[in-house]
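I opened this model to look up its empty spaces, its domains, one helix and its cysteines. My entries follow in the order I made them.

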Amino acid sequence: MESKVVSMKNVLIIGNGGREYAIALTLYQQKLEKKNDLDEIYFAPENAAATKFLNAKALSYKDFNELYENIQKHRIYLVIIGPEAPIVAGLSDFLWAKNILVFAPSRANAELENSKVFMKSFVSDLGVPTAKYKKFTLDSIHEADKFIESLKLPIVLKASGLCGGKGVLILDSKDEARAKLESMLRGELFGEAGREVVIEEYLQGYELSIFALSNGVDYTLLPPCQDHKRLLDGDKGVNTGGMGAYTSHSHFPARLYDAALEQKIKDRILTPTFKALYAADGRGYQGVLFAGLMIVNGEPYLLEFNVRFGDPECEVLMPLFESSLLELLESYARGVSLDKSSVKIKNKSAVCVVMSSADYALDSKSALAFKGDYPALVSFKTPLDSNLTSIDSAILDSIESNLGHYIFANVSVKNNEIYANSGRSILAVGLGDTITEARNNAYKLVENIDFKGKHYRKDIAYQAI
């Protein structure tokens with residue numbers, strides 16, 4: 001993309017959840033630290049807490065053309081796309097054709113996340129290590145029984161399409177696997193996204209989330225993360241979009257991630273994938289690639305690729321950027337080849353704990369029991385235990401002090417008060433020199449906040465401690 005003379009540095013973030021708030025918060029804090037020359041941050045759609053605490057502005061749009069008109073009107077020079085859906089819909093390509101800088105991969109590359117069937121076939125052709133699998137549709141359901149019988153328990157069913165991180169079932173009964181498969185293929189479970197299903201062998205090990213920033217020519221690896229998908233302590237309950245995560249630049253346990261494992265991940269998974277993507281798309285792959293891995297006896301296996309930052313992994317990665325995040329994202333969007341030493345990461349650890357509503361991840365029938373509870377008024381307690389409802393930036397800074405910060409993912413603001421909406425509402429991000437210190441600080445922040453039906457896991461980062 002040709003360079004343009006930029007008179008104002010206004011940035012637009014597409015998406016309004018925790019991931020997007022975390023990106024905005026780092027941009028905002030680095031602006032205060034004079035690490036960037038950012039002017040204004042815009043959200044589409046609005047994140048009410050970002051408007052309140054980060055002085056963000058908001059815009060809306062019905063279609064890509066209206067969005068482009070708003071980009072022109074508000075002199076946006078860089079667009080950062082957070083969620084997968086707009087990328088899959090082709091927003092990145094549309095903006096690219098309009099000569100707008102955009103940090104996100106192309107629609108063609110987004111097929112890695114849009115279709116698990118495509119992804120499995122793509123990486124299998126490259127020889128990337130992944131679980132044994134077969135794909136099925138309703139027309140081939142009669143063939144699934146034999147494959148299910150060939151697998152050891154548990155059985156893994158994955159909806160091929162986009163399900164917001166919730167389209168994976170891990171089942172301990174082959175009869176239940178058959179029943180759930182039929183429900184998925186008939187569109188009764190996960191809708192259209194489940195009408196094509198990947199059945200794969202269950203890999204016994206531990207999961208890691210690996211993120212690489214790519215400019216279309218080469219890539220840079222970020223510190224490893226570990227997510228906690230299950231709803232309940234001890235990795236029990238249903239899969240969610242993520243109940244917490246942690247990362248560390250230098251204190252990630254060597255038993256979980258070391259230089260030897262990192263080299264295997266690069267050599268066997270990331271480098272072959274990027275090489276193929278660079279060759280297949282004239283634009284290359286520009287953005288972030290998220291590899292969900294299972295580590296089995298020290299060997300990495302690819303579970304899935306996503307074409308955006310993970311949520312909640314983004315929330316722990318963002319505060320570790322020592323380099324100017326704005327300059328980095330702009331460079332990757334321009335396709336500029338960077339000296340990898342320019343990506344400086346703080347020698348810190350970060351742990352985030354998700355606080356959700358009581359009805360989160362429940363089936364619709366069970367969730368009805370909580371109808372009317374949300375939005376729920378959020379109360380904060382200062383270190384002096386004075387009860388606060390109305391809250392401003394100064395009070396929030398006092399509460400957070402040196403512990404870390406809050407990420408407001410799904411909240412409302414009314415009369416200067418914060419309300420938790422249904423779903424994953426607020427995240428507490430603890431920072432520290434070690435994972436243990438960061439974890440302790442995260443839970444101090446959790447304890448300093450309350451709302452009706454607040455749910456959270458109490459064992460985030462347990463594998464590291």
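Entry 1, the cavity. I took the volume first: the largest cavity holds about 60 Å³ of space. The model is predicted, and my search of the whole structure gave one cavity of 30 Å³ or more. I then listed the lining, which has 13 residues, with I81, F103, V288, R308 and F309 closest to the centre of the cavity. Sorted by class, the lining has 10 nonpolar residues, two charged and one polar. Which elements supply at least two residues each to this lining? I noted helix 1 (18-32) and strand 4 (76-81). By domain, I found that domain 1 (9-105) and domain 3 (205-334) each give at least three residues to the lining.

Entry 2, domains. I wrote down the division of the protein: domain 1 (9-105), domain 2 (132-201), domain 3 (205-334) and domain 4 (349-456). For domain 2 and domain 3 I looked up the separation of the centres over C-alpha atoms, which is 26 Å. I also checked contacts between these two, and seven residues of domain 2 touch six residues of domain 3.

Entry 3, a pocket. I turned to the second largest pocket, with a volume of about 560 Å³. Its lining numbers 18 residues, and I recorded K166, L169, V238, N239 and A361 as those nearest the centre. Strand 8 (168-171), helix 9 (174-185) and strand 14 (236-239) are the elements that contribute two or more residues each. Strand 8 has the largest share, with four residues. By class I have 10 nonpolar, six charged and two polar residues in the lining of this pocket.

Entry 4, helix 7. I looked up which residues of helix 7 (residues 116-126) are buried, and got K116, V117, M119, K120, F122 and V123. What covers them? My list includes helix 6 (111-114) and helix 10 (259-280), along with strand 6 (133-137), strand 7 (155-159), strand 9 (196-201) and strand 17 (299-306). After the helix comes G127, and I noted its positive phi, near 80 degrees.

Entry 5, cysteines. I counted disulfides and the count came to zero. Why does C314 have no such bond? The closest cysteine sulfur to that of C314 is in C225, and the two do not bond because 9.2 Å is too far; the cut-off I used is 2.5 Å. I also recorded that C314 is buried, at a relative accessible area of 0%.

Terms used
Residues are numbered from 1 along each chain as its sequence is written. This is a predicted model: local features need pLDDT of at least 70, side-chain atom pairs count only at pLDDT 80 or more; totals for chains, interfaces and linings use all residues. Side-chain values use heavy atoms; hydrogens and water are left out. Buried means under 20% relative accessible area, exposed over 50%, partly exposed in between (1.4 Å probe, protein chains only). Contact means heavy atoms within 4.5 Å. On a 1 Å grid over the protein atoms alone, a cavity is a set of points where a 1.4 Å probe fits but cannot get out, and a pocket is an open set with protein on both sides within 12 Å along at least five of seven lines; lining residues have an atom within 4 Å of a point. Grid points are joined across faces, edges and corners, and a volume is the space filled by probe spheres set on the points. Ala, Val, Leu, Ile, Met, Phe, Trp, Tyr, Cys and Pro count as nonpolar, Asp, Glu, Lys and Arg as charged, and the others, Gly among them, as polar. Domain bounds come from an automatic or database domain assignment.
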